[in-house]
Amino acid sequence: MRTVLVMPETAASWLNFVSAHLFGFAQFDPIMLNLAAVSAHSGYRNFQLQYQQLDLPEEEMNGMREMAYLMTARANVFQDIPVVEHLVEWTSGRKISKTLDMASGFGLMPAYLRSKGHIKGQLILLDRSSMILEQAKTMMASCNTKATFHQGLLEAIPFTEIYRDYFDLITCFNGIYCTKQWRKTLVDARDMCAPNGLLAMSQKLVSCREYDAMGYVQDIGFDVIDGIVINDDQLIFLAQKTC
Ligand SMILES: C[S@@+](CC[C@H](N)C(=O)[O-])C[C@H]1O[C@@H](n2cnc3c(N)ncnc32)[C@H](O)[C@@H]1O
């Protein structure tokens, strides 16, 4: 039997989200708010339910930790506004009909781009955690977004051969630090990207020393089109496959 401590930040984040919503933040895009609300709310409910189970397998425990992270991050969704704004700008006017989101979490970013019509067609979410993918399904359904959900690891993406030279857009937001084999993951991303396809990523600046994704993608066949530091602690960049 294992006991699990409820993280105090979780409740705080929830309150944070609600207060942000009530006090002024509601002026922000309603679709984004809706996604954030579903994300935070369903995560919160699920989290509470899961905490009543005391003997979870390790994989589910990992899912719980990630869920805690996502709830915190997503409840503070306004931190992502600059990321979203850049994504909207970067994808505007491009024909994107095949998208892969790696380490997708709830898939909030592609769901938002889709709601704006910037990405269309096929959307695939890849994440290690089945629990998180279940939440992602709820979230996609709430915004009428069709997607397919793959449980799998960044280290061993299960469909690299099937989707060679395929995706118009591959995204990975705050996910690359999750694997020590990040170079392999980026090579796989390059192989799955269509010629002239796009790769959009974000990562904490502090992780860039160990996981220099922006530097590395330039060595393996991408041009970096744009790279911006936002909120003083996050790097977001867009790269295009050169062949
Ligand atoms: C920090 S969250 C980011 C989620 C999402 N991209 C976002 O911006 O909201 C990291 C996600 O990576 C997933 N993850 C962690 N390690 C992974 C791995 N080795 N392979 C695939 N997914 C992984 C977690 O389950 C979690 O959903």
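Which residue in β7 is the bridge partner of Leu199? Keep that in mind while you get oriented; what you have open is a predicted model.

Start by selecting residues 234–241, which make up strand β7. Colour them by burial and you'll find that 6 of the 8 residues are buried, so the strand is largely enclosed by the rest of the structure.

Now bring in a neighbour. Select 193–204, strand β5. β5 and β7 pair in the antiparallel sense, with 7 bridges between them. Click Leu199 and look across to β7: its bridge partner there is Ala239.

While you're on β5, hop to Asn196, which sits in this strand. Its phi is positive, about 65°, even though it is not a glycine. Is Asn196 buried or exposed? It has 12 other C-beta atoms within 10 Å, so it counts as exposed.

Next, add residues 222–230, strand β6. This one also runs antiparallel to β7, and 8 bridges join the two. Pick Ile230 and you can pair it with Gln234 in β7. Follow the chain from β6 to β7 and you pass through a hairpin with 3 residues between the strands. Stop at Asn231 in that turn: here phi is positive again, about 50°.

For the last stop, leave these strands and select Ala103, in the loop between β1 (98–102) and α5 (108–115). Ala103 is another non-glycine residue with a positive phi, about 55°. How many other C-beta atoms lie within 10 Å of Ala103? There are 23, so Ala103 is buried, whereas Asn196 back on β5 is exposed.

Technical notes: Residues numbered from 1 in each chain as written. Predicted model: local features only at pLDDT ≥ 70, side-chain atom pairs only at ≥ 80, totals over all residues. Helix = DSSP H or I, 4+ residues; strand = E, 2+ residues; numbered from the N terminus. Buried ≥ 20, exposed ≤ 12 C-beta atoms within 10 Å, placed from the backbone. Pairing = 2+ DSSP bridges.
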